[in-house]
Amino acid sequence: MADNAALAQLLNIMKTLRDPELGCPWDRKQTFSSIVPHTIEEAFEVADCIESGNLGELKNELGDLLFQIVFYAQLANEQKLFDFNDIVTQLNAKLTRRHPHVFDKQTALSDDELAAQWQAIKAQERSAKTASATSSLWQDIPVNMPSLSKAKKIQQRVAALGFDWPSYHGALDKVSEEVDEVKEALAHNPYSDHSAEELGDLLFATVNVARHIKRDPEQLLRSASDKFSTRFEKVQAYLNAQGKCLESATLDEMDAAWDEIKKVK
């Protein structure tokens, strides 16, 4: 756990990096917008460490992610918007408010009860931000949020209002329905906007199944992509061992190699 001296040193390092005379030229020219891509990259690197089991490197990657927050705090402080202490103070208040079963009165809640309480509290927070009766349900969902995560968040929000399948069975049936509609659209014109729309509906429905079985669609797709990449690298090695290469191999040869690789667990 970082002590006050270590945190104070970190904040002072950031302030020095931004110093107009003594600071680093790269750090001095950064803005809120310019460091967003770096923040996203650092968040992905943290996720990659955890998902790959590389916990020895996690401390370093978490430090890089923390630096992003400190950077934003310094920029805000320079513009007299807020400082790092304001961030922590607001976070403390939010965490306490969002966990009444821990900090208000000790109450044992099931996972479903916790989810319902969480959505209710979030709804209250959204309502407090605006008095408009016509405010959007999605007003606090980032526009540029990854699409799978955004779909899940939208589904969670309407589920909290009671608009949801009772179980994954209904969601899975919807996937089957969407598959049929995709087939029909593709048979008519595979390159039409309607076909694209139906494919989007299929992806959205698939996210709903993942949500119902308490899985994160972003993680599932990352895992599937990694599995495919690993297998295809083995296909390449398999072909190379036969004196062939991917560039000259036929589709039948690659398919045969793929089938052989799948047999090996």
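**Helix packing, salt bridges and a nonpolar patch**

V36, I40 and F44 make a nonpolar surface patch of about 260 Å². The model in which this patch appears is a predicted one. One of the three patch residues, V36, belongs to helix α3, which spans residues 32-52. The relative accessibility of V36 is 36%, so this residue counts as partly exposed, the limits of that class being 20% and 50%.

Helix packing was examined for two pairs. Two packed helices are described by the angle between their axes and the distance between the axes. Helix α3, which carries V36, packs with helix α4 (residues 58-78) at an angle of about 160°, and the axes of the two helices lie 9 Å apart. Since angles over 145 degrees count as roughly antiparallel, α3 and α4 are therefore roughly antiparallel to each other. The α3 and α4 helices cross in a left-handed sense.

The second pair consists of helix α9 (residues 168-188) and helix α10 (residues 193-212), which pack at an angle of about 165° with an axis separation of 9 Å. By the cut-off of 145 degrees, α9 and α10 are likewise assigned as roughly antiparallel. The crossing of α9 and α10 is left-handed.

Salt bridges were then considered. Side chains of opposite charge can pair when their charged atoms come close. The count of salt bridges in the model comes to nine. Among them is the pair E78 and R18, with an N to O distance of 2.6 Å. This pair links distant parts of the chain, 60 residues apart: E78 is in helix α4, and R18 is in the loop between α1 (4-17) and α2 (25-28). E78 has a relative accessible area of 35% and is partly exposed. R18, at 12% relative accessibility, counts as buried, because the value falls under 20%.

A salt bridge is also formed by the side chains of D112 and K214, at 4.0 Å from N to O. Here too the partners come from distant parts of the chain, with D112 in helix α7 (residues 111-129), K214 in the loop between α10 and α11 (217-241), and their positions 102 residues apart in sequence. D112 is exposed, its relative accessible area being 56%. K214 is exposed as well, with a relative accessible area of 63%. Both residues are assigned to this class because exposed means over 50% relative accessible area.

Within helix α9, K174 forms a salt bridge with E178, and the closest N and O atoms are 3.5 Å apart. Both residues lie in this helix at a spacing of four residues, about one turn. K174 counts as partly exposed at 27% relative accessibility, whereas E178 counts as buried at 5%. Salt bridges that share partners join K174, E177 and E178 into one network.

The loop preceding α9 was also examined. D164 is placed in the loop between α8 (147-160) and α9. With a relative accessible area of 31%, D164 is partly exposed. The C-alpha atoms of D164 and A224 are 26 Å apart in space, and the two residues are separated by 60 residues in sequence.

How values were computed. Residues are numbered from 1 along each chain as its sequence is written. This is a predicted model: local features need pLDDT of at least 70, side-chain atom pairs count only at pLDDT 80 or more; totals for chains, interfaces and linings use all residues. Side-chain values use heavy atoms; hydrogens and water are left out. Patches are made of residues with over 30% relative accessible area and no salt bridge: like charges are joined within 9 Å, nonpolar side chains (Val, Leu, Ile, Met, Phe, Trp, Tyr) within 5 Å. Accessible areas come from the Shrake-Rupley method with a 1.4 Å probe; for residues, only the protein chains shown count as cover. Buried means under 20% relative accessible area, exposed over 50%, partly exposed in between (1.4 Å probe, protein chains only). Axes are lines fitted to C-alpha atoms, for helices over the stretch in contact, and angles run from 0 to 180 degrees between N-to-C directions. Angles under 35 degrees count as roughly parallel, over 145 as roughly antiparallel, 65 to 115 as roughly perpendicular and the rest as oblique. A crossing is left-handed if the near helix is turned anticlockwise from the far one by less than a right angle, and right-handed if clockwise.
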